[in-house]
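Here is an informal walk through one protein model for someone meeting it for the first time. Have a look at the sequence and the structure, then read on.

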Amino acid sequence: LSPEEIQYLLQTVQTLKRKSHLAKQSVALKGKVLGMIFQKPSTRTRVSFEVAMYQLSGQAIYLSANELQLKRGETIADTARVLSRYVDCITARVYSHNDILELAKYATVPVINALSDYEHPCQALADIFTISEKKKNIKNLKIAYIGDGNNVAHSLALAVVKSAGYIEVATPKGYEMKKEVIELINKEAEKNKARLITTNNPVSSAKDADVIYTDVWASMGQENEHKKRLQDFKDFQINSELVKLSKKDVMIMHCLPAHRGEEITDEVIDGPNSVVWDQAENRLHIQKALLMLILMKKTSI
């Protein structure tokens, strides 16, 4: 997405969110079907996409990878070709980003990345919408991401710099964002008069931050690394002492699910500065806007 497309999407989300609080259902996507391929289990992604389609009068079909012929050796390319004959759009939550790329290559309908090991773009769009909704102007903020330089960090940083913002990503040594992603983000930052700083110091990132964001230290598929990561990340916990370094009205964000007592403490995630539940709700509104703009091919609402 270009910066202009992101801003247009956020405006669309704002309109849809306002309307959804007045009336629960629209007929915008009546007769449309979304096929949802899930290699990884999910709460927010699955429910938000299913409810989004329901509220827009469409239908979503949940397709667990274990229940598809993928499990028995059918290729992703063949799966994409077949599903394209049945559904209007495919969303996929996968382990390998290459699976998303292959789906997109062989599908003849739009494909939405609902999460891969490389990016989590729908989450990042909900995040910057939440920040804009609460803080009005993202350009004047210091956004601190503290934790693993993972898919969430990649997408959040990219979304922030495309919105002309300033983000500081603090990770332990050895857990930095991928070099090619940092290079891409820096190119976008230069074009948009934005800024990315990467560091291994969580204290400097938290200092005077307007937003503090974290994610789990061990994602799905990294369970065997859990003990080592607990040790490596021990100084990166979002707790009351770290939050004290930030601005008084700092926003605390987490994409969920949270491992309470590890990357974030109860008193912080349940505290007055937490917007975690609003952030989770906004996944629904982002999904609705994406589906409408993609499936209706509209340039205005």
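Cys-122 counts as buried, at 3% relative accessibility; buried here means under 20% relative accessible area, exposed means over 50%, and partly exposed is in between (1.4 Å probe, protein chains only). This is a predicted model, in which local features need pLDDT of at least 70, side-chain atom pairs count only at pLDDT 80 or more, and totals for chains, interfaces and linings use all residues. Residues are numbered from 1 along each chain as its sequence is written, and side-chain values use heavy atoms, with hydrogens and water left out.

Back to the cysteines. How many disulfides does a search of the whole structure find? The search comes back with zero disulfides, where a disulfide is a pair of cysteine sulfur atoms within 2.5 Å. Cys-89 is in no disulfide, and the nearest cysteine sulfur, that of Cys-122, is 9.8 Å away. Seen from the other end, Cys-122 is in no disulfide either, with the sulfur of Cys-89 as the nearest cysteine sulfur. Cys-89 is buried too, with a relative accessible area of 1%.

Now zoom out. The chain has 12 helices and nine strands; these are DSSP runs numbered from the N terminus, with helices being H or I of at least four residues and strands being E of at least two. The radius of gyration is 19 Å, close to the 19 Å that the globule rule gives for 301 residues, so the chain is as compact as a globular protein of that length. For that comparison, the radius is taken over C-alpha atoms, and the rule is 2.2 Å times the number of residues to the power 0.38. The C-alpha trace spans about 55 × 45 × 35 Å along its principal axes. Of the 301 residues in the chain, 54% are buried. Take the contacts (heavy atoms within 4.5 Å) between residues at least 6 apart in sequence: 75% of them join residues at least 24 apart.

Two helices are worth a stop. Helix α1 (residues 3-20) has 18 residues and reaches 25 Å from its first C-alpha to its last, close to the 26 Å expected. That expected span is 1.5 Å times one less than the number of residues in the helix. Among the buried residues of α1 are Ile-6, Leu-9, Leu-10, Val-13 and Leu-16. What do the buried residues of α1 pack against? Their partners are α2 (44-55), α5 (121-135), α6 (151-162), α7 (179-192) and α12 (276-295).

One of those partners, α6, should span 16 Å with its 12 residues, and its end C-alpha atoms are 17 Å apart, which agrees. In α6, 12 of the 12 residues are buried, so this helix is largely enclosed by the rest of the structure. Its buried residues include His-154, Asn-151 and Lys-162.

On to the rings. Rings of Phe, Tyr and Trp (its six-membered ring) pair if their centres lie within 6.5 Å; planes under 30 degrees apart count as stacked, over 60 as edge-to-face and the rest as tilted. By this rule the count comes to five aromatic pairs. Here are two of the pairs:

| Pair | Type | Centre to centre | Angle between planes |
|---|---|---|---|
| Phe-38 and Tyr-62 | tilted | 5.3 Å | 50 degrees |
| Trp-217 and Phe-233 | stacked | 5.6 Å | 25 degrees |

Phe-38 in strand β1 (residues 33-38) and Tyr-62 in strand β2 (residues 59-64) are 24 residues apart, so to speak from distant parts of the chain. Phe-38 is buried at 2% relative accessibility, whereas Tyr-62 is partly exposed, with a relative accessible area of 25%. The charged end of Arg-46 sits over the ring of Tyr-62, 3.6 Å from its centre; the rule for this is that NZ of Lys or CZ of Arg is within 6 Å of the ring centre and within 35 degrees of the ring normal. Arg-195 has its charged end over the ring of Tyr-166, 3.9 Å from the centre.

The stacked pair also links distant parts of the chain, with Trp-217 in the loop between β8 (211-214) and α9 (226-232) and Phe-233 in the loop between α9 and α10 (240-243). Trp-217 is buried at 4% relative accessibility, and Phe-233 is buried at 0%. Ring pairs link both of these residues with Tyr-175 and Phe-236 into a cluster.

Last stop: Tyr-95, in the loop between β3 (89-93) and α4 (97-106). Is Tyr-95 buried or partly exposed? At 39% relative accessibility, Tyr-95 counts as partly exposed. Leaving aside residues up to four places away in sequence, Tyr-95 touches Gln-39, Lys-40, Ser-116, Asp-117, Met-220 and Gly-221. Tyr-95 and Met-36 are 59 residues apart in sequence and 14 Å apart in space, C-alpha to C-alpha.
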